[in-house]
Amino acid sequence: MAPRNSSGGRLPAANGDEINSFAVGCCLCPRLVDYRADNRAANPDWHNAPAPPFGDADARVLIVGLAPGRLGGNRTGRVFTGDAAGRMLFETLIRTGFASGTYSDDGHDDVQLIDCRITNAVLCAPPGNAPTPLEQATCRPNLVALIGEMKRLRVIVTLGDVARRNVLRALGLGVAAMSGGHGVTADMAGYRVINSYHCSRLNMNTGRLTVDGFKDIFDRAREGLS
Ligand code: SF4
C-alpha cells in the first residue's frame, strides 16, 4: 500500500525516490496486526501498515525511535510525521543541517533529509505506544537489516530507552553496554551511539527535554562525523 495522508492523498516520496516497501505485508505480530485492522476499519484512508524508514541508505546518521504513533507514521505513512514528536524532530534536524525544506504535519511538504535516515525499533504502531518485549524482538531483524544496508553509517541516535535497548541488541550487544540518560554516548561495534530522551509531547511539556537539549544531540552527531 502506498503511504497516504489523512485525506487519502499520496505522500511525496522521500528525497524524490519511490518510498520503499520495507516490511510491507508483514503480519508477524498478531496484536499489532489486529490494531492495524482496527485502525483501518475506523480510518480506511490512513496508512495503517508498517511505517518504512525515511531517508537515504547512504546516510551516515541513523535516528531510531520507538514505534509509529497512531496519529503519526501510522496515519501518514512517513515516520515521525503527523504529531508533536515529528514536528520537534524535523524542526531540530532542519536547525542542525540534517534536513532542508519545511515540515508539514500532513506530509505534503518538501522536507529532505541530509545525510541522515529515520526509522523506529518497531515498524507498526502499538496500542498506547507500548510494544511488548516479544514484539520488539520480532521486529528486530528489520532493524538489523536496515543497519546492515547502511554501509556509510557512523552515528546512531536513539530516542528513548526502548530504542536504545533495541539498537544495542541489534548490534549484538547486551543492554548494559550503554546506560540510559540524555546525551550518553558510546563508541561500540564500529558506531558512535548517542542516546536522547524521546522528543514526545510529554517530555517536551514536562521540560524533561528542551529544544536546546534536543539540538545538542544533533550537534554531537555532527561532531561524530568529523
Ligand atoms: S512490528 Fe515489525 S515484525 Fe511486527 S508485524 Fe509490524 S513489521 Fe512485522
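**Exercise 1. Describe the shell around the ligand by residue class, then find which elements build it.**

Step 1. Sort the shell by class: 12 residues are nonpolar, 2 are polar and 1 is charged. These come from a predicted model.

Step 2. Count the shell. The ligand is surrounded by 15 residues, and the closest are C26, C29, L123, C124 and C139.

Step 3. Assign elements. Two or more shell residues come from helix 1 (30–42) and from helix 4 (133–149).

Step 4. Pick the main contributor. Helix 4 gives the most, with 4 residues.

**Exercise 2. Check the length of helix 4 against its residue count, and locate its kink.**

Step 1. Work out the expected span. Helix 4 has 17 residues, and at 1.5 Å a residue it should span 24 Å.

Step 2. Compare with the model. The end C-alpha atoms of helix 4 lie 25 Å apart, which agrees with that expectation.

Step 3. Look for a bend. Helix 4 has a kink of about 40° at C139. The proline P141 follows shortly after. C139 is also among the residues closest to the ligand.

**Exercise 3. List the buried residues of helix 4 and name what they pack against.**

Step 1. List them. E135, Q136, C139, N142, L143 and L146 are the buried residues of helix 4.

Step 2. Recall the helix rule. An α-helix has 3.6 residues a turn, so residues three or four places apart point the same way.

Step 3. Find the partners. The buried residues of helix 4 pack against helix 1, strand 5 (116–120) and helix 5 (161–170).

**Exercise 4. Describe how strand 7 and strand 8 are joined.**

Step 1. Give the sense of pairing. Strand 7 (residues 185–188) and strand 8 (residues 191–196) pair antiparallel, over 4 bridges.

Step 2. Match a pair. Opposite T185 stands I194 in strand 8.

Step 3. Look at the turn. The two strands form a hairpin with 2 residues between them. A189 sits in that turn.

**Exercise 5. Place two residues with positive phi, and decide whether each is buried, partly exposed or exposed.**

Step 1. Recall the usual sign. Most residues other than glycine have a negative phi.

Step 2. Take N129. Its phi is positive, about 55°, although N129 is not a glycine. N129 lies in the loop between strand 5 and helix 4.

Step 3. Count around N129. There are 18 other C-beta atoms within 10 Å, so N129 is partly exposed.

Step 4. Take A189. Its phi is positive too, near 55°, and A189 is not a glycine. A189 lies in the loop between strand 7 and strand 8.

Step 5. Count around A189. With 15 other C-beta atoms within 10 Å, A189 is partly exposed.

Notes. Residues numbered from 1 in each chain as written. Predicted model: local features only at pLDDT ≥ 70, side-chain atom pairs only at ≥ 80, totals over all residues. Near = placed C-beta within 6 Å. Nonpolar A, V, L, I, M, F, W, Y, C, P; charged D, E, K, R; others polar. Expected span 1.5 Å × (residues − 1). Bend = angle between axes of the 7 residues up to and from the residue. Buried ≥ 20, exposed ≤ 12 C-beta atoms within 10 Å, placed from the backbone. Contact = placed C-beta atoms within 7 Å. Pairing = 2+ DSSP bridges.
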